[in-house]
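Reader: I have a structure open on my screen and no idea how to read it. Could we go through some features together?
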Amino acid sequence: MALLGVIGEEFAETKPFDGLRIGVSLHLEAKTAVLLETLQRGSATVIAAGNHGTSQDDVVAYLNARGIDARGSRFDDLETHLGVVASVVADEPDMLLDNGADLVSLVLENDVEVIGGTEETTSGHMRLDGEFRDRVNFPMIVINDSPLKAIAENQHAVGQSVYESFCRLTNLMPQGKRFLVVGYGWCGRGVAHYARANGAHVTVAEVDEIKMMEAALDGFRVGSVQELISHADVVITVTGAANVVDAVALAEAPSGLLLANAGHFPIEIDVSYLETNAEEQVQMGETITRYRMPDGRSIDLVADGRMMNLAGPLPKGNTIESMDLGVALALVGAACSGDDAGETLTTVVDAAPTTVTTADATATTTTLISFEPTDPSVMVNGGWLAYECRGEGAPAVVVDHGRANATQVERDPNWMLWGKTLDMIAETNKVCMYGRRGVVGSEPISGDPVRTTQDQVNDLNGLIDALELETPVILVGHSLGGFNIRLLAGQNPEKVAGLVFVDGTDTGIAEFGTAPSVSAPEWIDLVAGQTQAAVVTDLGDLPVYVLTATQVSSGRVWWFELQDNLLALSTNSVQMNVEAAHTNIHWTEPASVAEAVAWVTAQAG
């Protein structure tokens with residue numbers, strides 16, 4: 001959690017909470033534990049209670065072992081849990097970090113004086129603006145009103161974690177199921193969009209006319225819960241309001257309906273109706289209860305209507321990156337709600353100061369787009385390229401690999417099965433292998449990632465300069481790498497001593513079609529790429545060695561004709577047919593590549 005790390009270092013020096021007792025009511029899990037440790041680094045005395053049913057007992061034990069007074073258990077019943085929360089207020093905190101305004105409620109009830117605090121949730125904000133309006137006489141920063149938290153955590157992280165929790169808790173596929181999402185605030189948007197993106201048919205129930213219009217413009221069928229519930233397979237509530245799925249709606253619910261809540265409080269589904277009217281309750285594993293109704297219907301309820309994304313086995317909640325944002329806002333907000341609150345807040349209940357939100361947004365964007373290069377790597381044209389050089393001897397050899405797939409993003413010590421070949425070449429020549437952008441540990445392209453052969457050649461050319469290789473060099477290109485070495489030899493002949501095509505790709509391949517076809521991780525526009533490489537038709541007497549794999553399917557015999565075209569690029573070219581497949585000629589027959597390099601070396605000498 002990068003933001004909390006930076007804030008923690010600052011707090012350790014400035015001690016903003018020195019002498020203060022901070023009362024906390026949050027979901028106690030791994031990420032909020034880092035928040036509490038950061039408060040402790042700022043010299044706060046921390047007293048923390050978890051939320052009902054979501055505390056992770058191993059985290060509570062961890063915090064207590066480090067001198068943070070964490071209270072309660074995941075298995076506490078509601079009465080015990082409320083007693084734990086009350087015990088935090090009984091210890092008279094100076095500040096509050098609240099989740100659902102539970103602490104605020106008890107502070108007002110017991111006339112405890114506090115200097116300020118923060119509220120994390122929509123549910124808590126509704127209570128502050130509703131039942132506690134005109135009673136709160138200390139500054140409360142509503143973190144949930146920050147656009148940063150709304151976008152990153154509420155929309156994206158909640159959407160993702162609810163989808164993950166649905167799959168984890170039910171072991172069902174969302175694809176093809178009819179989801180009814182109740183509520184289209186930031187969290188509801190996320191749940192609806194993530195469900196649709198993963199193949200669900202989604203409808204939205206919303207009482208706010210503007211939000212209903214937005215959902216409709218986003219392409220969702222909209223209506224009331226009562227109108228839509230009879231067609232649903234799954235209902236997920238995300239409103240913060242009570243009984244949005246009430247007795248009237250449940251009477252219309254189809255048999256087999258799965259009910260779940262992603263709001264903070266377990267009040268959104270009328271669970272009492274189910275418990276009162278069901279003829280039988282059957283526990284379906286740890287987190288799902290089946291209610292058999294008198295008319296023969298069965299209705300399944302997840303986690304007793306509590307927040308689903310922190311329920312059941314192995315609950316993870318929202319993502320680390322999003323929580324880093326949210327709790328960073330809470331930390332800085334807590335500092336703002338202290339002694340200098342009058343200078344930073346305009347009302348008693350306010351959003352996080354804009355300067356805080358903007359600073360966190362900038363830091364988070366930097367974190368999300370930053371790239372940590374592996375060693376060794378070299379900066380070329382604004383991006384890090386991973387590479388490795390072996391051996392000594394001139395001319396140096398640079399290997400350009402074939403088109404990568406999604407499994408070849410991370411650094412690979414065997415360099416996409418080129419390890420044996422590199423060792424053989426290194427016996428006589430210095431040889432360098434590198435990863436193109438986004439492959440084998442090299443930095444991906446940010447922004448528009450689509451690349452062409454010219455882009456690849458610019459990087460290859462820059463790599464040779466950055467590594468300070470003595471030129472001219474021998475270029476080895478496998479498959480799609482053949483485009484790159486061909487174009488570089490045509491554009492910068494003074495840098496190239498010779499070429500080795502390892503079943504290299506020639507231009508004019510009909511399979512590429514006429515429209516751009518790009519895919520991760522390299523995002524290469526093959527159509528534009530082969531057009532650029534096709535410009536090079538005559539390399540004079542440059543030594544060119546063509547290795548051709550003979551194990552091709554009967555439908556691709558035209559490949560051999562293209563190999564002949566590569567031979568025709570130079571008046572000084574030879575060919576070797578190798579009993580191997582196109583993708584692994586360098587793996588199964590490494591000696592053939594080493595032999596080709598030796599021939600070019602001799603010709604270049």
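Author: Happily. Let's begin with one residue: His-401 has 1% relative accessibility, so it counts as buried. Buried means under 20% relative accessible area, exposed means over 50%, and partly exposed is in between, using a 1.4 Å probe and protein chains only. Before we go on, this is a predicted model, where local features need pLDDT of at least 70, side-chain atom pairs count only at pLDDT 80 or more, and totals for chains, interfaces and linings use all residues. Residues are numbered from 1 along each chain as its sequence is written, and side-chain values use heavy atoms, with hydrogens and water left out.

Reader: Where is His-401 found, and which residues does His-401 touch?

Author: Look in the loop between strand S18 (397-400) and helix H16 (419-425). Those labels come from DSSP runs, numbered from the N terminus: helices are H or I with at least four residues, strands are E with at least two. Contact means heavy atoms within 4.5 Å. Not counting residues up to four places away in sequence, His-401 touches Met-416, Met-433, Tyr-434, Gly-435, Arg-436, Val-439, His-478, Gly-481 and Glu-522.

Reader: Is Arg-41 buried or partly exposed?

Author: Arg-41 counts as partly exposed, because its relative accessibility is 39%. You'll find Arg-41 in helix H2. Leaving aside neighbours within four places in sequence, its contacts are Gly-5, Gly-8, Glu-9, Phe-11, Ala-12 and Lys-15. Take Ala-12: Arg-41 is 29 residues from it along the chain, yet their C-alpha atoms are separated by 5.1 Å.

Reader: Now for helix pairs. What describes two packed helices?

Author: Two numbers do it: the angle between the axes and the distance between the axes. Axes are lines fitted to C-alpha atoms, for helices over the stretch in contact, and the angles run from 0 to 180 degrees between N-to-C directions. Try helix H2 (residues 30-41) and helix H3 (residues 57-65): their axes come within 10 Å and cross at roughly 20°. H2 and H3 are therefore roughly parallel to each other. Angles under 35 degrees count as roughly parallel, over 145 as roughly antiparallel, 65 to 115 as roughly perpendicular, and the rest as oblique.

Reader: Which residues make the contact of H2 and H3?

Author: From H2 come Ala-30, Ala-33, Leu-36 and Glu-37, and from H3 come Val-59, Tyr-62 and Leu-63. Sorted by type, the residues of this contact are 6 nonpolar, no polar and 1 charged. Here Ala, Val, Leu, Ile, Met, Phe, Trp, Tyr, Cys and Pro count as nonpolar, Asp, Glu, Lys and Arg as charged, and the others, Gly among them, as polar.

Reader: At what angle do H7 and H8 pack?

Author: Helix H7 (residues 147-170) and helix H8 (residues 186-197) pack at about 45°, with axes 7 Å apart. H7 and H8 are therefore oblique to each other. Their crossing is right-handed; that term applies if the near helix is turned clockwise from the far one by less than a right angle, and left-handed if anticlockwise. Among the residues that meet are Ile-151 and Val-158 in H7 and Trp-186 and Tyr-194 in H8. This contact divides into 8 nonpolar, 6 polar and 1 charged.

Reader: What about the backbone? Which residues does a cis peptide bond join?

Author: One such bond joins Asp-375 and Pro-376, with omega about 0°. Pro-376 sits in the loop between helix H15 (354-369) and strand S16 (377-380). Another joins Ala-394 and Pro-395, with omega about -5°, and Pro-395 is in the loop between strand S17 (383-390) and S18.

Reader: And what is phi for Ser-479 and for Asp-503?

Author: Ser-479 has phi near 50°, a positive value in a residue other than glycine. Its place is the loop between strand S20 (473-478) and helix H18 (481-491), and it is buried at 11% relative accessible area. Asp-503, not a glycine either, has a positive phi of about 45°. Asp-503 is buried too, with a relative accessible area of 0%.

Reader: Let's zoom out. How many helices and strands are there?

Author: The protein has 22 helices and 23 strands. Of its 605 residues, 54% count as buried.
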